[in-house]
Amino acid sequence: MNDYAIFSGPEFDPNEYANTILAGETYSDTRKPGAGRVPAAEPLAKEDISVAISKLTFGIDDVSKEIKNVVTVHHEDLLAQAASAGDLSGSLTSVRAGLDDLDQSLDKLRGKIRAPYHTLQSNVARLRKLQQASDVLRRTSRFVVLARRLQAQMEDMDTADEPTTPMAPSPLIAASLSQDGGNDKERSIAKAALSIAELVALLDGPDAVDTQKKAPSDDPDNAAGAIPLRSVNAVAAHVSFVEDARAKVTAEMQMMVISGLSTLNQSLLASSLQTAYNLRVLPELVQNLIADLSQTVEDRIRSAFDISKLSKDALSKDAAGSAMPMYKSRVRTEPTNMTAPQWTAALWSRLEGMVEEMADACIKVYTLEKVLIMKRDMATQVVFLDEAMKLLENKPSAMFWAFLGRSLDKHSRDSAKGSAFLQQTLSAGYPRLLRLFHEFFAKIAVHTDTVYIHTHQSPETIVVLRSLANFEALYLARSSNKFNEAIGQAFSGGSRAPPGSSEGANVARTVSNELDSARFDPLLVKSVAKSAMTSLDMMLSRADGITARDRAAVVLVGPTATSQQISNGQLASFLYQCWLRLNQLGEEHSEGVMSILKPCIQNVHETYKRLMEPMETAVRRELGAIIAKLHRIDLKNADPMAGMAGASVYMKELAEKLSFIKAEILTKYNMGDAGRLWVLDIVKFVIRTFVLHVSIAKPLGESGKLQLTSDMTELEFALSAFLVENPQSKRGGNLDSVGEEYRVLRAMRHLLFLENSQLASQQHTLGVPPLIVLHHILVRSPIPLPHSLHGWQEAEYVRWVDEHSEVEAWTLVESGVSHWEKVENADEAAGEYVQLAQRVLLDAQKSS
């Protein structure tokens, strides 16, 4: 089969093969990929033509033999297939006949449908044209009727403008006629606007209004049906009249809007807005009005902050006030020292005019918004504000406030950057500028819902005031500089010359003055308070840095106060005077301001108390140690004449120490009432401590009682001199002002000389605390005192009693007595003292 492989290929070309053989080349079909190729060992290469023909002849004969063999082998099958082909030919003939019948039926059916369709199509086209003609006629008829109505309405408008009374009426009648005439004219304009809107809709097509709101249709029938009336001759004659009437009504409407806003006539404004709604231009009208008012305000703001115009105003006023002709130089951008007052006056005059115009525009916007909210169309019940919001991004008032804030912020900031005069004048005079805006808020509050008071501020007012934040920041910086200057001046001497009471009063006065300057504005005064709080915190840190904390600051050796004590005394006076005046600000300012200052004022007071605490502790410790020397005296076997000789050594030392504290320590603290309270507290402490030490002085004899009485007298003299405020006074202080402690000291003399049986009587021990009576009973008895029982020193016990309550002290004494009863077998004398102590304890517990 390989010999015939080349002939069995699907792409075998006999002509190509013959040409190849004639050319003596090897045939290979390479026209298409995948075609059969003769192997390289093909024996047909460069064969003679005769040889090739003989091979082909042999091949043909061989193929013929093969075909005969196949036919011979399969002749029965071939005959059967031939018979089947004959039968199939008959069937195909019948099928062709049926198809011909079907074609004829389709032709008949097509003829029955096509003709009625074409007829119906022509009738529909005719109907559409009739409908279009009918619509045009209907709209033309409606247009003519509306045009005639519009003519009558325009005549009514013209007659409303003309006077109807030949004689001059009275003022009341004239006002009534004017009002009625105005109302008639407004109604005529509104009706004419409604007629004009419908006429315009008819001119532009029956669906002119709807096509503005909906997407255009792709239906060619609808597109062809919209025939404008302008192409109708009967209508075209009225088009110019309609356009003139529309222009006139629009002009009248605009005049009514302007007049209504100028006079704040809500009735006239409502009529003009109704006219705009009828003309279908209400959203555009409101948008334009808001834009015009905003632009007017922006132009006024720009003009107010324009330094070149300000210079011209200042020069013109200066020239008008001077009789001498002046040389006209070029326009200056900054004033000189001579012209600064004229520039300042011109600036504030322009700002006042700006604020007035802002108020007028704001009132107009709110009046317009009120009318839009209240007014609605009687036919459709559409609220005018909802109709206007189709183009507006927000309510008219909100848009105006936002625009006003942006304009103020932009022009004030730009002008301040370009002019040092504006920046300095408006920052220094920021309270005056703020007062102008207060007048602005007060003026518009009657017509708007904006509120700006100490308890509440409307968001709109906050938006406007934030636009002045640049000047407010500069003003607060100036206030902060004043605070820092006052504090810096107070601490200029450092630790060697610390601030005193006058510097503290000066710092507090500076804070008070700045708060009073900003008191009229609830937001500004809070900002100033925050600035003051920051400066006061810095002051406290500086005061803490120069506070002396070494031993020399609290030692009371004498004979004079140390430099550390003098420094701390001046610093304490500084903090006290500053705190005292700052604490009085609560009577002048609101709770909101004081809530900002209270933590700082409290910090000043706490710093003052921390500075005073070491000295107070040192004074108590020193005086208590001197009084404790009482127990070194033998009060049992003392010389009977000792009391006649004078006070004890410890009492003389106590008097000298009190004199030293009075002259050298307390005089360094200029604290007014606080200083007097400190003196009184020291006196009470000395009396209380002395009485406690006297009550536990054991053993105690009659001569010791006389000595203690003499010491008490000396103590009274010393304390009386200690209480004297004026060193030049020859009279002592009034010890009765000490109160309960002094009465106890006086009663202590009487207690020392009572009989044992009288110690439990409240009548005889009146004015003496139960604890002192218990101590004296134990001193007379063999029962040990509480401190002896617990192994304490007398000073430790007195300190313990001072730190604990009376009930705890009674319990301690009671436990000591009970312990004595259990441990010792008391004799009759000791039993008497136990009973006395128990009776005193029982009475004390009943009365407590």
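Why these labels? Burial, ring pairs and a helix crossing

Me: In this predicted model, what makes both Phe-400 and Trp-401 count as residues of one burial class, and which class is it?

Reply: Both Phe-400 and Trp-401 are buried, and buried is the label for a relative accessible area under 20%.

Me: Why is the pair of Phe-400 and Trp-401 called edge-to-face?

Reply: A pair of aromatic rings is described by the distance of the centres and the angle of the planes. A search of the whole structure finds 15 aromatic pairs. In the pair of Phe-400 and Trp-401 the ring centres are 6.3 Å apart, and the planes stand at 70°. Centres have to lie within 6.5 Å for a pair, and planes over 60 degrees apart count as edge-to-face, so Phe-400 and Trp-401 form an edge-to-face pair. Phe-400 and Trp-401 also belong to one aromatic cluster, together with Phe-437, Phe-440, Phe-441 and Tyr-452.

Me: Why is the pair of Tyr-576 and Tyr-608 called tilted?

Reply: The centres of the two rings, Tyr-576 and Tyr-608, are 5.5 Å apart and their planes lie at 45°. Stacked needs an angle under 30 degrees and edge-to-face one over 60, so the pair of Tyr-576 and Tyr-608, at 45°, is tilted. This pair links distant parts of the chain, since Tyr-576 sits in helix α20 (residues 563–583) and Tyr-608 in helix α21 (residues 591–628), 32 residues apart.

Me: How do you know whether Tyr-576 is buried or exposed?

Reply: Tyr-576 has a relative accessibility of 6%, the cut-off for buried is under 20%, and therefore Tyr-576 counts as buried. Tyr-608 is buried as well, with a relative accessible area of 6%.

Me: Why does Ser-415 count as buried?

Reply: The relative accessibility of Ser-415 is 15%, and buried means under 20%, so Ser-415 meets the condition. Ser-415 is found in helix α13 (residues 396–418), and, leaving out residues up to four places away in sequence, Ser-415 touches Phe-305 and Leu-422.

Me: What makes helix α14 roughly perpendicular to helix α17?

Reply: The axes of α14 (residues 420–428) and α17 (residues 469–490) come within 8 Å and cross at roughly 70°. Angles from 65 to 115 degrees count as roughly perpendicular, which means that α14 earns this description relative to α17. The crossing is right-handed. On the α14 side the contact is made by Leu-422, Gln-423, Leu-426, Ser-427 and Ala-428, and on the α17 side by Phe-471, Leu-474, Tyr-475 and Arg-478. The residues of this contact divide into six nonpolar, two polar and one charged.

How values were computed:
Residues are numbered from 1 along each chain as its sequence is written. This is a predicted model: local features need pLDDT of at least 70, side-chain atom pairs count only at pLDDT 80 or more; totals for chains, interfaces and linings use all residues. Side-chain values use heavy atoms; hydrogens and water are left out. Axes are lines fitted to C-alpha atoms, for helices over the stretch in contact, and angles run from 0 to 180 degrees between N-to-C directions. Helices (H or I, at least four residues) and strands (E, at least two) are DSSP runs, numbered from the N terminus. Angles under 35 degrees count as roughly parallel, over 145 as roughly antiparallel, 65 to 115 as roughly perpendicular and the rest as oblique. A crossing is left-handed if the near helix is turned anticlockwise from the far one by less than a right angle, and right-handed if clockwise. Contact means heavy atoms within 4.5 Å. Ala, Val, Leu, Ile, Met, Phe, Trp, Tyr, Cys and Pro count as nonpolar, Asp, Glu, Lys and Arg as charged, and the others, Gly among them, as polar. Buried means under 20% relative accessible area, exposed over 50%, partly exposed in between (1.4 Å probe, protein chains only). Rings of Phe, Tyr and Trp (its six-membered ring) pair if their centres lie within 6.5 Å; planes under 30 degrees apart count as stacked, over 60 as edge-to-face and the rest as tilted.
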